[in-house]
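Got the viewer open? Here is a short walk through one model, stop by stop, with something to select at each.

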Amino acid sequence: MTYFWKTVVHKQYVVAIRVVGFFFILLAVFLSHPVSSASAKQKEKKIQIGIAPWVNNEEYNKNITAFKKRLALVGFVEGQNTIYYQENAQGDPQKQIKIIQSFVDKKVDLIYSLTTPGTLITKSIAKDIPIVFSVVLFPVETGIIKSFMSSENNCVGTRNYISEGKQLETLFTIFHQVRKMGFIHLKEDPDSTIQLGRMKDMGKNFDLEVIDMPVSSLNELKNFSNETVDAFYLACDTFIQTEGEDSIIDMAHNRKIPTLSCSRSGILKGALVGDVVDLTNLGTVAGKKAAAILTGQSPTELITETQQGSYVVVNLKTAASLGLSVPDKLLAISSEIIQ
Amino acid sequence: MTKQKQSILEKINIHPKKLADRILLFLVTMAVGAPTFVGITFFLMTHTQISKAISDLTTQTKITLEAEISAKNKELAEKISILLNERVKRLHSLIVAASIIPEVVDLNAEYSEFLLKKFVYQNPSFLEISVADRRGQEIVKVSRDDIVLKKDFKVISDLAKFADSTEAKSYKTEVKISEKTGLPFIVLFQPIERYKGRLQGWLIVSIDLSYLWDLISSTSVGEGGYTYVVAVNGQLISHPNKKLIYQGKDPFADVFKDIPINEEGTIKTKKYLLTYVHTTYLNWRVVTVLPLEEALKPVIATEDLLSSYLKGLLSKMGNFLLLISPLLFFIGTIIALFLTKGITTPILKLVKGTQAIAKGNFSTRVNVKTDDEIGVLATSFNHMAEEMERLVQKERELAAAEAAADTERARSRELKDAYEKLKRTQNMLLHAEKLSAVGQLASGVAHEVKNPLGIISQGLKYIQLKLNIKDKELQKDFDLINDAVKRADKIIRGLLDFSVPTKLELKPADLTEVIDASVELVAKELSLSGIKLKKEIPSSLPKVMIDHSQMQQVFINLLLNAVHAMPKGGDLIIRCYTRNIDEFTEGIGRRSTDFFTVGDNTLVCEIEDHGHGIPKNILPRVFEPFFTTKAPGKGTGLGLPVTRSIIDTHRGLIDIKSTEGKGTTMIITLPVVKGEKHA
Amino acid sequence: MLKKKKVLLIDDEESICRFTKFNLESTGKYDVTAVLSGEEGLKKAKETAFDLVITDFRMSGINGEQVIEALKRKNPDLPILLFSIYHDDQTTITPTIKSKADGLLTKPVDFEELHAVIEKVLEKFDKK
């Protein structure tokens with residue numbers, strides 16, 4: 001036994017075995033190199049969507065609801081895997097900047113921006129986030145996108161454009177003695193400015209003079225109180241849509257002047273008629289586009305579109321108060337008739 | 001660097017020198033290395049096999065899966081195809097129905113306009129509808145998205161050729177992209193007939209094919225897959241990437257380059273699995289595109305799973321190896337050690353055996369019982385030892401016999417020697433006893449004699465004084481008597497010195513002290529006689545057990561003798577040195593063997609004078625008590641005997657060497673204190 | 001004229017006493033009282049103050065050593081000479097004994113020597 005211990009402790013032997021053992025350990029370590037575990041599934045990240053309505057408006061809200069609904073249809077459900085951040089800038093550009101910046105900081109996956117002024121700011125700040133816009137009249141003309149078929153940028157959306165001719169046609173169908181029409185709009189609103197120009201051009205075909213009536217506040221309406229017009233046109237800009245409609249319609253009523261409205265809400269409030277865009281539907285279509293983007297497509301692969309077909313809304317009450325009768329052929333193709 | 005390397009290599013030193021270690025190292029390496037190596041190789045081989053099996057399996061599965069998916073997708077495409085056909089056909093039938101409405105047949109513009117408006121309102125897929133006369137002149141036109149001004153009425157010249165034909169049939173155009181909308185459309189031409197053969201005009205409908213998109217994209221081809229539709233002219237009708245439609249690029253144009261539109265089937269490109277069907281009525285191709293990655297996801301997933309499982313297995317094996325290596329190592333070591341022990345222990349036994357033999361122990365046998373080569377070696381070794389033992393035994397017997405004879409002789413000699421020694425000792429003892437007895441007697445006598453001597457001495461003076469003798473001659477006679485008394489006293493003193501054994505106080509001392517003291521005492525005598533003293537004494541003498549005063553007496557005596565031997569002066573040498581007894585010498589009346597054995601250390605002192613020497617005939621008698629060559633009254637004759645006696649009691653030897661006329665040397669040999677180094 | 005020194009002589013040999021007394025007194029320096037035993041010597045010493053004592057060693061009755069001890073006890077300044085046939089052979093007259101006395105004379109001693117030693121001792125003790 002002493003022999004045993006003597007040899008075990010023998011210096012050279014120990015050293016030699018040390019070397020052998022060392023190589024062994026190396027080998028074993030090499031073999032047991034931890035297998036890179038299957039890439040840990042990234043925790044389901046919640047989709048974040050920022051919504052910037054620009055102003056608070058019933059029709060806009062319906063649009064947004066439809067938008068969300070359409071997304072939910074394809075699996076992006078609020079509260080489950082989708083978070084919506086909605087903030088309205090109340091028409092204040094500075095606020096809008098802050099809101100959009102906050103979306104950028106939150107690294108949202110998509111921004112849904114309403115109105116042209118709102119979207120112009122959105123686009124300038126969120127340069128790397130896909131933007132779906134809606135309730136924009138002239139995205140190409142205002143520079144939001146390059147073309148309807150391809151935006152060539154991170155924006156795509158749905159526009160609430162109805163051809164000026166069609167709009168006028170609805171009015172003419174009811175009331176054809178329109179020689180002068182007052183175009184009431186928010187001063188310097190980009191859409192309205194373009195629309196005015198187009199309306200004026202279109203008016204030429206009908207021997208119609210379109211008078212520019214820009215206002216920046218309700219007070220300024222008084223400026224045009226003396227203008228003799230045969231009809232009013234309510235533009236689709238946000239001022240009109242938020243504050244202006246009621247006042248202007250009241251004024252029109254008082255002066256017994258028919259009003260052609262760009263938006264549905266105007267007719268509901270008392271404008272005579274309009275070929276309008278169903279904003280709810282517009283929201284749904286915007287939602288479709290958002291869904292496509294969230295599942296991998298890029299905005300420039302999608303088309304920016306408007307409503308297909310007309311959506312004529314006519315207010316019979318207003319017509320009656322104006323002493324006008326609405327022909328059947330208009331009623332036949334009206335989507336909404338307000339009694 | 002190389003120096004470091006060298007030192008490291010030295011330190012590691014994988015080349016053990018000992019046989020046992022070498023064997024050990026080999027065995028352990030084998031014990032651990034071999035199975036590990038085999039295990040790893042085996043495992044790697046099986047791993048390769050398993051990997052191959054997995055990949056074969058997955059390939060097979062992939063093929064199967066592909067076929068399945070293709071079939072499924074083809075079915076899908078067919079469904080879409082059918083639906084497309086139906087849709088468009090339905091629209092066509094609507095148009096046909098519209099074309100027979102009397103107002104339309106009458107080419108009643110106003111009513112027709114209303115009708116068409118309604119038509120468009122109800123069917124948003126109609127982009128534009130117009131009614132043209134026989135020659136192709138549009139008389140009514142309605143647009144879905146805009147008003148149509150009179151100036152927008154066109155003449156469709158192509159229709160003119162049908163003007164007088166009786167066989168006008170509805171036909172459709174190729175798929176084109178609308179400049180206004182940017183969307184694909186076709187134009188359907190439906191002849192308006194009053195009655196068969198009588199062409200009235202045409203109902204021209206532009207169908208916005210984009211309304212088909214929902215239909216096409218409503219079906220799912222699988223994740224990452226899609227369906228697209230392409231017209232025979234290559235124009236994309238539907239595609240997830242709308243941009244491509246506008247640009248008109250069929251992404252798989254190359255793939256379908258040589259395949260006619262009416263063919264159906266499956267194609268696998270590098271990345272995609274395509275199935276294509278023919279939409280008969282519309283003459284379109286419906287293609288389902290599925291990324292292979294997606295299609296084969298389940299298979300790939302399984303493959304990955306298996307691979308990772310395999311890897312896991314491999315790592316488990318590695319862990320197992322890591323755990324088991326030390327165990328194997330330990331077990332291997334123990335086994336190896338026992339094996340080596342089996343080899344080296346017998347060898348060592350043999351070594352011990354040879355060593356024993358070398359020492360002369362011929363009875364050693366090596367106890368190795370193994371059957372192997374070493375066992376054979378051990379057996380032959382034992383035989384050799386046996387032979388040697390026998391030889392040695394024989395020799396011993398011879399030697400013993402001789403020795404016996406020798407011993408006899410030696411013993412008889414020994415006996416004789418012993419006998420003689422015994423005799424001598426007896427004589428000495430007798431002699432001593434005699435002397436002792438005599439001494440005691442003498443002692444008593446001496447003391448008694450002293451008293452009367454004392455009386456005589458005092459009495460003489462008394463008489464001198466009492467008688468007041470003034471006569472010089474008489475006084476001289478008184479002096480003579482006094483001298484005689486003194487002489488008597490001296491003799492008695494000498495006798496007393498000689499005979500009374502004084503107590504010896506033996507102490508280890510340096511003889512130099514004694515010599516120096518003695519010399520000092522006789523210094524006057526030396527100088528008086530003009531004797532030159534030379535000392536040949538080493539600086540340090542080993543200590544001897546002596547009685548200081550007794551030894552002093554000895555030296556004084558001898559020095560005085562020397563002085564008396566050189567009345568006219570001369571050299572007197574005192575010489576001391578150590579000597580190791582290597583031969584048997586004789587002292588006067590003693591043999592060195594009496595006190596010393598060979599190998600003893602002794603201190604020798606010689607007192608050499610260059611006097612008249614001692615004649616040979618007197619030399620043996622100098623140690624006789626009362627023997628003196630001096631004139632009566634001058635010497636007692638007891639000096640040398642006393643000296644010898646003292647030396648005896650010191651267990652030393654005294655010897656004389658003398659040449660008449662040349663000088664005398666007295667040689668004293670004393671035993672050195674045991675432990676003292678040879679100086 | 002110098003005062004005569006009183007000397008006490010103790011010896012059991014009558015002739016030694018007589019001769020030695022006569023010899024010493026003849027010098028005129030000493031007044032000697034000679035006794036034949038140690039006891040007598042002690043008695044005399046009690047009566048008279050001596051300047052010197054000379055005593056034999058081996059006597060019947062108390063021996064020289066005892067005499068010396070007794071005398072020295074009484075008067076340590078009294079010089080005592082041992083006068084004996086024994087010389088300091090260290091067996092009979094041991095160094096201890098020798099040290100108790102102030103000198104040792106070995107018989108036979110010739111008178112001249114005796115005289116010289118006495119003088120020497122007295123001188124020594126006088127100086128004290």
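Which strands of chain C does helix 1 of chain C lie across? Select that helix and look underneath: strand 1, strand 2 and strand 4 of chain C are there, and the helix runs at about 175° to strand 2. Keep in mind as you go that this is a predicted model.

**Stop 1: the sheet in chain C**

Now show just the strands of chain C. You get an open sheet of 5 strands in the order 2-1-3-4-5, paired in parallel. Strand 2 and strand 5 (104-106) stand at the edges with a single partner strand each, so each has one side without a neighbour in the sheet. Going from one strand to the next, the twist averages 20°.

Zoom in on the strand 5 end. Strand 4 (residues 80-84) of chain C pairs with strand 5 of chain C over 3 bridges, in the parallel sense. Put C:Phe83 in sticks and you will find C:Leu105 of strand 5 opposite.

**Stop 2: helix 2 of chain C**

Select residues 38-47 of chain C, which make up helix 2. Which of its residues are buried? Pick out C:Gly38, C:Gly41 and C:Ala45. Look down the helix axis and those buried residues fall within an arc of 55°, so they line one face of the helix. Their cover includes strand 1 (5-10), strand 2 (30-35) and helix 3 (64-74) of chain C. Spin round to the face turned away from the buried side, and there are the exposed residues C:Lys43, C:Lys46 and C:Glu47.

**Stop 3: across to chain B**

Go back to helix 1 (residues 14-26) of chain C and select C:Phe22, then add B:Tyr462 in helix 10 (residues 373-467) of chain B; this aromatic pair crosses between the chains. Stacked or edge-to-face? The ring centres are 4.8 Å apart and the planes sit at 80°, so the pair is edge-to-face. B:Tyr462 counts as buried, at 13% relative accessibility, while C:Phe22 is partly exposed with a relative accessible area of 26%.

**Stop 4: rings inside chain B**

Time to pull back to chain B, with its 16 helices and 20 strands. Of its 679 residues, 41% count as buried. Take the contacts in this chain with a separation of 6 or more: residues 24 or more positions apart account for 64% of them.

Over all chains, the structure holds 14 aromatic pairs. For one of them, select B:Tyr228 and B:Phe252, which are stacked at 6.1 Å centre to centre with 20° between the planes. B:Tyr228 belongs to strand 7 (residues 226-231) and B:Phe252 to the loop between helix 7 (242-247) and strand 9 (265-268) of chain B, so the pair ties together parts that are 24 residues apart in sequence. Both B:Tyr228 and B:Phe252 are buried. Add B:Tyr226 and B:Tyr272 to the selection, and you have a cluster linked by ring pairs.

**Stop 5: lysines over rings**

Two selections to finish, both in chain B. Where does the charged end of B:Lys172 sit? Over the ring of B:Tyr281, 4.8 Å from the ring centre. Then select B:Trp213: B:Lys242 lies over its face, at 4.8 Å from the ring centre.

Definitions and conventions: Residues numbered from 1 in each chain as written. Chains lettered and ligands numbered in written order. Predicted model: local features only at pLDDT ≥ 70, side-chain atom pairs only at ≥ 80, totals over all residues. Heavy atoms only, no water. Buried < 20%, exposed > 50% of the residue type's maximum accessible area, 1.4 Å probe, protein only. Helix = DSSP H or I, 4+ residues; strand = E, 2+ residues; numbered from the N terminus. Arc of directions from axis to C-beta. Contact = heavy atoms within 4.5 Å. Phe/Tyr/Trp six-rings, centres within 6.5 Å; stacked < 30°, edge-to-face > 60°. Lys NZ or Arg CZ within 6 Å of the ring centre and 35° of its normal. Pairing = 2+ DSSP bridges. Axes fitted to C-alpha atoms, helices over the stretch in contact; angles between N-to-C directions.
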